[in-house]
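Reader: I would like a close look at one part of this model, followed outward to the rest. Please keep to what can be read from the atoms.

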Amino acid sequence: MNCDGVIRELSNFLDGELDPAVQRELERHLGDCGECALIVDQTKKTVQIFCDSEPVELPAEVRSRLREALRRKMGPSSA
Amino acid sequence: MSATTPKRMTSAIVREDEPALIAAAKAGDARAFEEIVSRYEGKIFRLAQNITRNTEDAEDAMQEAFLKSYAHLQEFQGDSRFYTWLVRIAVNEALMRLRKRRPNQVSLDEPVETEDDLMPREVQDWGPSPDKQYAQTELRNILSEAAEKLDPLLAVVFFLRDLEELSTEETAEALGISISAVKSRLLRARLKLRERLDRHFGQGAPN
């Protein structure tokens, strides 16, 4: 597998969706190619950093306007 | 290097009581529907923000998505997750608003897959924990800026697959696009975000 192949399969590799033989081939390439190893590692870190970031809270006034709109829609019997 | 899935361990999108809540809401229980709303309002708002890049439009899209999901609740058959069904409504609402502001903006099924070279051009050493070198607010700004520059069609796939942890199939279903389009857009989104972060994290330290 060459560098282009690693990039094409990068997502499948990170998601553990590669055929075992292809995965071994890719891992062999990563052992020999420092640049591809960095790209794979940094892409994994990128996803992790986004996942770890605290989601911005729904602003209270946005929530309250949503509830008001729902109440109007659902009628007076709703909470 | 091993292939470990870069996912959080905290995903709990569907709680066990959800089918019962939806059944109650379908039978007219407004409180049950409000409980469903409270579970998903934050996610749907962030999803809409990811697409519209505008707080006012995101609020409108979220509100309309919940109102429409309530109005059409009887049509939800339960053969997919409620969240997937809701996402599809919300994505359409958000895209409608995006197109109003940016008439040249594309539709969801427009191919963004191009033959251009995916190979990253810049690769710098980030050091072991690049994100830890920034204060929380500063890091949040870096991430927001990187995400905002992403094509909304790529951003929505990244959001659903990596942040909301929908499966490839669920993402395809929610967006009404093919599985291969989901995979291709996810790869592009991840690579582009890596490249944007590289400008900050490269050479190991904030400047």
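**A cysteine in chain A and its surroundings**

Author: Leaving out residues up to four places away in sequence, A:Cys3 touches A:His29, A:Cys33, A:Cys36 and B:Met119. The list thus holds residues of chain A and one of chain B. The model is a predicted one. A:Cys3 sits in helix α1 of chain A, which covers residues 3–14. Is A:Cys3 buried, partly exposed or exposed? Its relative accessibility is 29%, so A:Cys3 counts as partly exposed; the class runs from 20% to 50%. A:Glu35 is 32 residues away from A:Cys3 along the chain, and the two C-alpha atoms are separated by 8.8 Å.

Two of the partners of A:Cys3, namely A:Cys33 and B:Met119, turn up again in a nonpolar core of 15 residues. Other members of that core include A:Phe13 and B:Leu187. This core lies apart from the largest one, which has 72 residues. Which residues have the most contacts inside the largest core? They are A:Phe50, B:Ile44, B:Leu47, B:Phe66 and B:Phe82. Both chains are represented in that list, chain A by A:Phe50.

B:Leu47 can be followed further. Its contacts, setting aside neighbours within four places in sequence, are B:Val87, B:Ala90, B:Val91, B:Val156, B:Phe159 and B:Leu160.

Now the chain that holds the cysteine. Chain A has four helices and zero strands, and its elements follow the pattern α-α-α-α along the sequence. The radius of gyration of chain A is 23 Å, well over the 12 Å that the globule rule gives for 79 residues, so chain A is more spread out than a compact globule. Along the principal axes, the C-alpha atoms of chain A fill a box of roughly 65 × 25 × 15 Å. Buried residues come to 44% of the 79 in chain A. Counting contacts in chain A with a separation of 6 or more, 50% are between residues 24 or more positions apart. Chain A exposes about 4,000 Å², with carbon and sulfur atoms supplying 47% of that area. Chain A carries 11 positive and 15 negative charges, and the mean positions of the two sets are 13 Å apart.

Chain B is the partner that supplies B:Met119 to the contacts of A:Cys3. Its secondary structure comes to eight helices and zero strands, running α-α-α-α-α-α-α-α from the N terminus. Of the 207 residues in chain B, 52% are buried. Contacts in chain B between residues at least 6 apart in sequence join residues at least 24 apart in 74% of cases. The exposed area of chain B is about 9,900 Å², and carbon and sulfur atoms supply 46% of it.

One place in chain B where sequence-distant residues meet involves B:Thr84, found in helix α4 (residues 82–101). With a relative accessible area of 3%, B:Thr84 is buried; the cut-off for that class is under 20%. Apart from neighbours within four places in sequence, B:Thr84 is in contact with B:Glu170, B:Glu173 and B:Ala174. B:Asn50 is 34 residues from B:Thr84 in sequence, and their C-alpha atoms are 16 Å apart.

B:Glu173 gives the view from the other side of that contact. It lies in helix α7 of chain B and touches B:Ser80, B:Thr84 and B:Arg88, not counting residues up to four places away in sequence. From C-alpha to C-alpha, B:Glu173 and B:Arg88 are 8.0 Å apart, although 85 residues separate them in sequence. B:Thr84 is buried, whereas B:Glu173 is partly exposed, at a relative accessible area of 39%.

Two loop residues of chain B remain. B:Arg53, in the loop between α2 (30–52) and α3 (55–71), has a positive phi of about 60 degrees although it is not a glycine. B:Glu165 also has a positive phi of about 60 degrees without being a glycine, and its place is the loop between α6 (152–163) and α7 (168–175). Their exposure classes can be set side by side: B:Arg53 is partly exposed, with a relative accessible area of 22%, whereas B:Glu165 is buried, at 16%.

Technical notes. Residues numbered from 1 in each chain as written. Chains lettered and ligands numbered in written order. Predicted model: local features only at pLDDT ≥ 70, side-chain atom pairs only at ≥ 80, totals over all residues. Heavy atoms only, no water. Rg over C-alpha atoms; globule rule 2.2 N^0.38 Å. Buried < 20%, exposed > 50% of the residue type's maximum accessible area, 1.4 Å probe, protein only. Contact = heavy atoms within 4.5 Å. Areas by Shrake-Rupley, 256 points an atom, 1.4 Å probe, with all protein chains shown as cover. Lys, Arg positive; Asp, Glu negative; His and termini not counted. Charge placed at Lys NZ, Arg CZ, Asp CG, Glu CD. Core = buried A, V, L, I, M, F, W, Y, C linked by side-chain atoms within 4.5 Å.
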